[in-house]
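Colleague: I'm new to reading protein structures and could use a guide. Could you walk me through this one, feature by feature?

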Amino acid sequence: MTTLGILGAGQAGSTLARVVIGAGYDVVIANSRRPETLTSLVGELGPHARAAWAQDAAAAADIAVVAFPYAPDDVLPVAELAGKVVIDNNNYMVWRDGNFPEVDSGRTTIHELRQQQLPTSKVVKAFTHIQFHERYEIRVPSDMLPAVVRLARPAGAPDRKALVVSSDHPDAVDVVTRLYDDLGFDAVDNSPLSESWRSAPGTPMWRHAIDGQSREDLVRNLRRARRVTVG
Ligand SMILES: NC(=O)c1ccc[n+]([C@@H]2O[C@H](COP(=O)([O-])OP(=O)(O)OC[C@H]3O[C@@H](n4cnc5c(N)ncnc54)[C@H](OP(=O)(O)O)[C@@H]3O)[C@@H](O)[C@H]2O)c1
């Protein structure tokens, strides 16, 4: 059984926990506080989930997820994450996170900054452009499902959607490609991390976070992205 160590138990972390458990994974989940603060969540998630301190969730992970925004002063469990694939699902949102001039100027990407914080891990940008919440407007009952559930399809289905993956580590891309497949999605490799600006908020592909896009459309939309730099 593969264990996902999920650091971050908000909308993204808790929904991802639910879907990976449904796909046969175990989960150890943490927030920035004591594990007891997650008792109700792990009760809902069932026997394949447990709560832990962030350091312990990182230590237990076969695959780790950092499901909270980047900040330069983040204190991360670097030793416990060493050698591991670490999924970074953060979107750089200036209104929420403030400005990072080195990203705004195009010198680097937000995910390369996360890789610098975790120099011995294999950081992968993934799950950034799929909503972990219901549609903004509910018209039919399925609109109440998060897009990561609503859009999932078995391999080979004609309407299967694709998600992007970027990393400086090809084996980490393979791991996430298998995870996407287990959850009902194809993968498009947009590596290395320096290219991950092509799937940043506001780019052509990112506008499909609610309804998804086919592999062909995702490839085309990544190519159409234009980098807007400031400074
Ligand atoms: N929500 C979506 O649909 C969506 C879609 C794509 C990408 N994302 C990305 O996913 C990330 C999380 O979004 P969200 O909506 O889930 O945010 P959220 O609801 O605010 O949750 C953030 C979670 O991270 C935890 N956390 C913060 N710092 C931590 C640390 N150092 N160690 C362990 N846990 C820590 C928080 O714990 P405390 O409660 O203890 O503070 C909280 O559980 C963001 O970067 C966002 O851009 C979200």
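Modeller: Sure! Let's begin with the sheet: it is open, has eight strands in the order E3-E2-E1-E4-E5-E6-E7-E8, and its pairing is mixed. Keep in mind that this is a predicted model.

Colleague: Which strands stand at the edges of the sheet?

Modeller: Those are E3 (49-51) and E8 (186-189). Each has a single partner strand, so one side of each is left without a neighbour in the sheet. As for twist, neighbouring strands are turned by 25° against each other on average, if you ignore direction.

Colleague: How do I read the pairing itself? Start me off at the E3 side.

Modeller: Look at who stands opposite whom. Strand E2 (residues 26-30) pairs with E3 in the parallel sense, over three bridges. In that pair, Val27 stands opposite Ala49, and Val28 has Arg50 as its bridge partner. On to the next pair: E1 (residues 3-7) and E2 are parallel too, with five bridges. There, Leu4 is matched with Val27 and Leu7 with Ala30.

Colleague: So Val27 turns up twice?

Modeller: Yes, you can find Val27 opposite Ala49 in E3 and as the partner of Leu4. Carry on along the sheet and E1 pairs with E4 in the parallel sense, over four bridges, where Gly5 has Ala64 as its bridge partner.

Colleague: And where do the side chains go?

Modeller: In a regular strand they alternate between the two faces of the sheet. As for burial here, four of the five residues of E1 are buried, and E2 also has four of its five residues buried.

Colleague: What do E1, helix H1 and E2 make together?

Modeller: A right-handed β-α-β unit, with H1 covering residues 11-22. Follow the chain further and E2, helix H2 (residues 39-45) and E3 make another right-handed β-α-β unit. Now jump to the E8 side. E7 and E8 pair in the parallel sense over four bridges, with Val165 matched to Asp189 in E8. The chain gets from E7 to E8 through H8, and that crossover is right-handed.

Colleague: Which strands does H8 touch when it packs on the sheet?

Modeller: H8 touches E4 (63-66), E5 (85-88), E6 (122-125), E7 (162-167) and E8, and its direction makes about 160° with that of E7. Helix H9 (residues 215-224) packs on the sheet as well, touching E7 and E8, and its direction makes about 25° with that of E8.

Colleague: How should I think about the inside of the protein?

Modeller: The general idea is that in soluble globular proteins, nonpolar side chains tend to be buried together. In this model the largest nonpolar core has 59 residues, and Ile29, Ala64 and Val176 have the most contacts inside it. The helix that gives the most to this core is H8 (residues 170-183), with seven residues. Apart from this core lies another one, of six residues, including Val103, Leu113, Trp197 and Ala200.

Colleague: What does Val176 touch, leaving out residues up to four places away in sequence?

Modeller: Val176 is in contact with Ile87, Val124, Ala126, Val165 and Ala187.

Colleague: Can a helix be covered up too? Let's take H6. How many of its eight residues are buried?

Modeller: Seven of the eight, so H6 (residues 110-117) is largely enclosed by the rest of the structure. Its buried residues are Ile110, His111, Glu112, Leu113, Arg114, Gln115 and Gln117. Among the elements that cover them are E4, E5, helix H5 (101-104), E6 and E7.

Colleague: And loops? Is His129 buried or exposed?

Modeller: His129 is found in the loop between E6 and helix H7 (147-150). To judge burial, count neighbours: 20 or more other C-beta atoms within 10 Å makes a residue buried. His129 has 25, so it counts as buried. Leaving out residues up to four places away in sequence, it touches Val164, Ser199, Met205, Trp206 and Ala209.

Colleague: Last one: what does the UniProt record add?

Modeller: An unreviewed UniProt entry carries the annotation "domain: Pyrroline-5-carboxylate reductase catalytic N-terminal" over residues 4-91. In the model, that stretch is 30% helix and 23% strand, and its end C-alpha atoms are 20 Å apart.

Methods. Residues are numbered from 1 along each chain as its sequence is written. This is a predicted model: local features need pLDDT of at least 70, side-chain atom pairs count only at pLDDT 80 or more; totals for chains, interfaces and linings use all residues. A nonpolar core is a set of buried Ala, Val, Leu, Ile, Met, Phe, Trp, Tyr and Cys residues joined through C-beta atoms within 7 Å. A residue is buried if 20 or more other C-beta atoms lie within 10 Å of its own, exposed if 12 or fewer, and partly exposed in between; C-beta atoms are placed from the backbone. Helices (H or I, at least four residues) and strands (E, at least two) are DSSP runs, numbered from the N terminus. Two residues are in contact if their C-beta atoms, placed from the backbone, lie within 7 Å. Two strands pair if DSSP finds at least two bridges between them. Axes are lines fitted to C-alpha atoms, for helices over the stretch in contact, and angles run from 0 to 180 degrees between N-to-C directions. UniProt positions are given in the numbering used here, feature names are shortened, and annotations may be inferred rather than shown by experiment. A crossover is right-handed if, with the strands pointing away from the viewer, the path from the first strand over the helix to the second runs clockwise.
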